[in-house]
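I opened the model and kept a short log of what I looked up. The entries follow in the order in which I made them.

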Amino acid sequence: MERLDKILAGGGLGSRKEIKQLLRTGGVLVDGQEVRDPSLHIDPAAAQITVFGKPFHYQKYIYLMMNKPDGVVSATEDNRFPTVVDLLDEEARRFAPFPVGRLDRDTEGFLLLTNDGQTAHRLLSPRKHVPKTYLAQLAQDAQSSYIAAFEQGVTLEDGYRTLPAQLALDENNPRQIRLTIYEGKFHQVKRMFEAVGNRVCYLKRIRFGSVPLDDTLAPGEYRPLSAEECEKLGIEETI
Ligand code: URA
């Protein structure tokens, strides 16, 4: 059971203060009854709520796919640089979403934002081995020997041995590769290429779990995950 004002505010209908005013107008019906008390406790999944005659669909969680642009940090706050949350509109921000994991400031591509802590925790768990695929441009031509090296795991400069990762070369562009990793160590892709004597000049995440980045999203744009994409990421409950 949750307070009616919290439910309506969570659904993007305004601040708690604005909801109080809305309720005073008598425009909100719960199961056909006019309700003016913001503190009324109801079951949001079961109650039929209408606002000025229109059905109100309760939404507790938000799941957004963003094509993160260069220059923006994957955080909710930062003293120096804009954050991915700064790119969200007011309606999305009301849900207080945060990024699921991090991409470097200069990395672009698929970043999931949600306010569902449990899902975030599960997707980030090192034991779950959620695959992440990156497209990278390298400073020097990729060598076919990297494929076996990454499959076996490479030793990073701090002594950490990476899990097996799959590298795909691009036959039309020897400096472009795709790499799928199953963990998320700090600067992992960049450090893996340093371990084999190369350097990443450009990095973009193009797939998270089994969901590809929507290539119609320009850098900085975002949209809610579809029901099918939620399912692919094991997200069942969206209310
Ligand atoms: N690996 C990196 O080096 N940087 C990222 O942002 C993501 C993966």
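**Entry 1: Phe208 and its partner.** This is a predicted model. I started with Phe208 and looked up its accessibility: the relative accessible area is 2%, so Phe208 is buried, the limit being under 20%. I then checked Phe110, which has 0% relative accessibility and therefore also counts as buried. I counted aromatic pairs over the chain and got five. Phe110 and Phe208 make up one of these pairs, with 5.7 Å from centre to centre and 50° between the planes. I noted the pair as tilted. Next I looked up where the two rings sit in the chain. Phe110 belongs to strand 9 (residues 108-114) and Phe208 to strand 13 (residues 200-208). With their positions 98 residues apart, the pair links distant parts of the chain.

**Entry 2: Phe150 and Phe193.** Here I computed 5.1 Å between the ring centres and an angle of 90° between the planes. Edge-to-face requires over 60 degrees, so I logged the pair of Phe150 and Phe193 as edge-to-face. This pair, too, links distant parts of the chain: Phe150 is in helix 5 (residues 145-152), Phe193 is in helix 6 (residues 188-195), and they are 43 residues apart. I checked burial for each. Phe150 has a relative accessible area of 0% and is buried. Phe193 is buried as well, with a value of 0%. I also found that Tyr146 joins Phe150 and Phe193 in one aromatic cluster.

**Entry 3: Thr119.** I located Thr119 in helix 4 (residues 117-124). Is Thr119 buried or exposed? Its relative accessibility is 8%, so Thr119 counts as buried. I then asked which residues Thr119 is in contact with, leaving aside neighbours within four places in sequence. The list came back as Tyr63 and Ile235. For Tyr63 I also took the C-alpha to C-alpha distance to Thr119, which is 9.8 Å, against 56 residues in sequence.

**Entry 4: positive phi.** I looked at backbone angles of residues that are not glycine. Ala96 has a positive phi of about 55°. I placed Ala96 in the loop between helix 3 (90-93) and strand 8 (98-99). His187 likewise is not a glycine and has a positive phi, about 50°. The loop that holds His187 runs between strand 12 (176-181) and helix 6. I looked up the accessibility of His187 and got 30%, so His187 counts as partly exposed.

**Entry 5: the chain as a whole.** I tallied seven helices and 15 strands in the secondary structure. The radius of gyration is 22 Å, whereas the globule rule gives 18 Å for 239 residues. The value is well over the rule, so I noted the chain as more spread out than a compact globule. Along the principal axes, the C-alpha atoms fill a box of roughly 70 × 35 × 35 Å. I found 45% of the 239 residues buried. Among contacts with a separation of 6 or more, residues 24 or more positions apart account for 63%.

**Entry 6: surface and charge.** I computed an exposed area of about 13000 Å² for the chain, of which carbon and sulfur atoms supply 47%. Last, I counted charged side chains and got 31 positive and 34 negative. The centres of these two sets lie 4 Å apart.

Conventions
Residues are numbered from 1 along each chain as its sequence is written. This is a predicted model: local features need pLDDT of at least 70, side-chain atom pairs count only at pLDDT 80 or more; totals for chains, interfaces and linings use all residues. Side-chain values use heavy atoms; hydrogens and water are left out. Helices (H or I, at least four residues) and strands (E, at least two) are DSSP runs, numbered from the N terminus. The radius of gyration is taken over C-alpha atoms; the globule rule is 2.2 Å times the number of residues to the power 0.38. Buried means under 20% relative accessible area, exposed over 50%, partly exposed in between (1.4 Å probe, protein chains only). Contact means heavy atoms within 4.5 Å. Accessible areas come from the Shrake-Rupley method with a 1.4 Å probe; for residues, only the protein chains shown count as cover. Lys and Arg count as positive and Asp and Glu as negative; His and the chain ends are not counted. The place of a charge is taken as NZ of Lys, CZ of Arg, CG of Asp or CD of Glu. Rings of Phe, Tyr and Trp (its six-membered ring) pair if their centres lie within 6.5 Å; planes under 30 degrees apart count as stacked, over 60 as edge-to-face and the rest as tilted.
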